[in-house]
Amino acid sequence: MSLNGRNIPQPIQKQLRREANFGCALCGCPIIEYAHIIPYRNIQAYLPENIVALCPNHYTNFDRGEFSDSYLRDAKNNPHNKTYIKDAFFIDSQDIAVNVGKSKFINTSRILAVNDFDIISIKRENERYILLDINFFDKLNNLIAVVYENSWTAEKTASAVWEIVYKPHHLVIRNTSRSLFFESKIENEELFITANMYYNAIPLSITNDGIWISENEMGIELKGHVLKNYDIGLNAQAYY
């Protein structure tokens, strides 16, 4: 899997994320990549003043040469989420409550794991901005995309076409050809998640009605639980 972040050191990613108020400098989407305004090959250095946070959609536009240097620098200096503060992906409540199916996990970072491998984790930075960690596997157990602290890394192939849509407080990540889907939205200061994902070729489904982890036409269903201040919400055990 190619590293679209160009191996930018984590402290610099964190600095750029905060600079852009935790979103794409152009649209505010919380899922971001990092674009070198002057190409990295020309300077061979990770200079924060030369890098701007962009969502994968706008990064594609950037990669095609559709943005001028002056346009990117203006966006870097005046990012969307600083002009439109309420568009950012944040929760101001003291507790962070994550609703998955009919279960609720409060102040629980590791939301869903299989065999102790994290599939979905959520935390906050600056006590309000949501940070997502997501591992996207396909049906053959190939890791094809990763979100780490909202930074996006994905393979570059013709079949790996991702749709990332963001409206204020509502994020959708979808790959139709791989039957992958992740949705996260904020309502009444709580986070709600639905998803269709895989791990070790096992389908993982989160709907508004419950969580299903299916294996050989048998499944695990979880609904109606409330956990607070736990290390992990659901750690399913799959046997092979």
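How many bridges join strand E6 to strand E7, and which way do the two strands run? Select residues 117-125 for E6 and residues 129-137 for E7: six bridges join them, and the strands run antiparallel. The model on screen is a predicted one.

**Stop 1: the E6-E7 hairpin**

Keep E6 and E7 selected and go to the turn. The two strands form a hairpin with three residues between them. Asn126 sits in that turn and has a positive phi of about 55°.

Next, show two cross-strand pairs. Lys123 stands opposite Leu131 in E7, and Arg124 stands opposite Ile130 in E7.

**Stop 2: strand E7 by itself**

Hide E6 and show the side chains of E7. Is this strand mostly covered or uncovered? E7 is mostly covered, with nine of its nine residues buried. Tyr129, Leu131, Asp133, Asn135 and Phe137 point one way from the strand. Ile130, Leu132, Ile134 and Phe136 point the other way. Residues of both sets are buried, Asp133 and Asn135 among them.

**Stop 3: from E7 to E8**

Add E8, residues 143-148. E7 and E8 pair in the antiparallel sense, over four bridges. Select Phe136 and find its bridge partner in E8, which is Ala145. These two strands also form a hairpin, with five residues between them. In this turn, pick Asn141, which has a positive phi of about 70°.

**Stop 4: the whole sheet**

Now show the remaining strands around E6, E7 and E8. The sheet is open and has six strands in the order E9-E8-E7-E6-E5-E18, with mixed pairing. Which strands lie at the edges? They are E9 (151-154) and E18 (232-236), each of which pairs on one side only. From one strand to the next, the twist averages 10°.

Add helix H1, residues 10-19, which packs on this sheet. H1 touches E6, E7, E8 and E9. The direction of the helix makes about 50° with that of E6.

**Stop 5: two loop residues with positive phi**

Follow the chain out of H1 into the loop that leads to strand E1 (33-36), and select Phe22 there. Phi of Phe22 is near 65°, a positive value in a residue other than glycine. Phe22 counts as buried, at 3% relative accessibility.

Then move to the loop between strand E5 (110-114) and E6, where Asn115 is found. Asn115 too is a residue other than glycine with a positive phi, here near 55°. Its relative accessibility is 28%, which counts as partly exposed.

**Stop 6: salt bridges**

Side chains of opposite charge can pair when their charged atoms come close. The structure holds 17 salt bridges; a few are picked out below.

Select Glu19 and Lys76. Their side chains meet in a salt bridge, at 2.7 Å from N to O. Why does this pair tie together parts that are 57 residues apart in sequence? Glu19 lies in helix H1 and Lys76 in helix H4 (residues 69-77), so the bridge links those two parts. Glu19 is partly exposed, with a relative accessible area of 26%, whereas Lys76 counts as buried at 9% relative accessibility.

Select Lys104 and Glu190 next. The side chains of this pair also meet in a salt bridge, at 3.3 Å from N to O. Lys104 belongs to strand E4 (residues 103-106) and Glu190 to strand E13 (residues 190-199), so the pair ties together parts that are 86 residues apart in sequence. At 22% relative accessibility, Lys104 is partly exposed. Glu190 is partly exposed as well, with a relative accessible area of 22%.

Then select Lys185 and Glu187, which form a salt bridge with their closest N and O atoms 3.8 Å apart. Lys185 counts as partly exposed at 28% relative accessibility, and Glu187 counts as partly exposed at 38%.

**Last stop: a network**

Which residues are joined into one network by salt bridges that share partners? Select Arg17, Arg18, Lys123, Glu125, Asp133 and Glu149. Some of these have appeared on the tour: Lys123 is the residue opposite Leu131 in E7, and Asp133 is one of the buried residues of E7.

Definitions and conventions. Residues are numbered from 1 along each chain as its sequence is written. This is a predicted model: local features need pLDDT of at least 70, side-chain atom pairs count only at pLDDT 80 or more; totals for chains, interfaces and linings use all residues. Side-chain values use heavy atoms; hydrogens and water are left out. Two strands pair if DSSP finds at least two bridges between them. Axes are lines fitted to C-alpha atoms, for helices over the stretch in contact, and angles run from 0 to 180 degrees between N-to-C directions. Contact means heavy atoms within 4.5 Å. A salt bridge is a side-chain nitrogen of Lys or Arg within 4 Å of a carboxyl oxygen of Asp or Glu. Buried means under 20% relative accessible area, exposed over 50%, partly exposed in between (1.4 Å probe, protein chains only).
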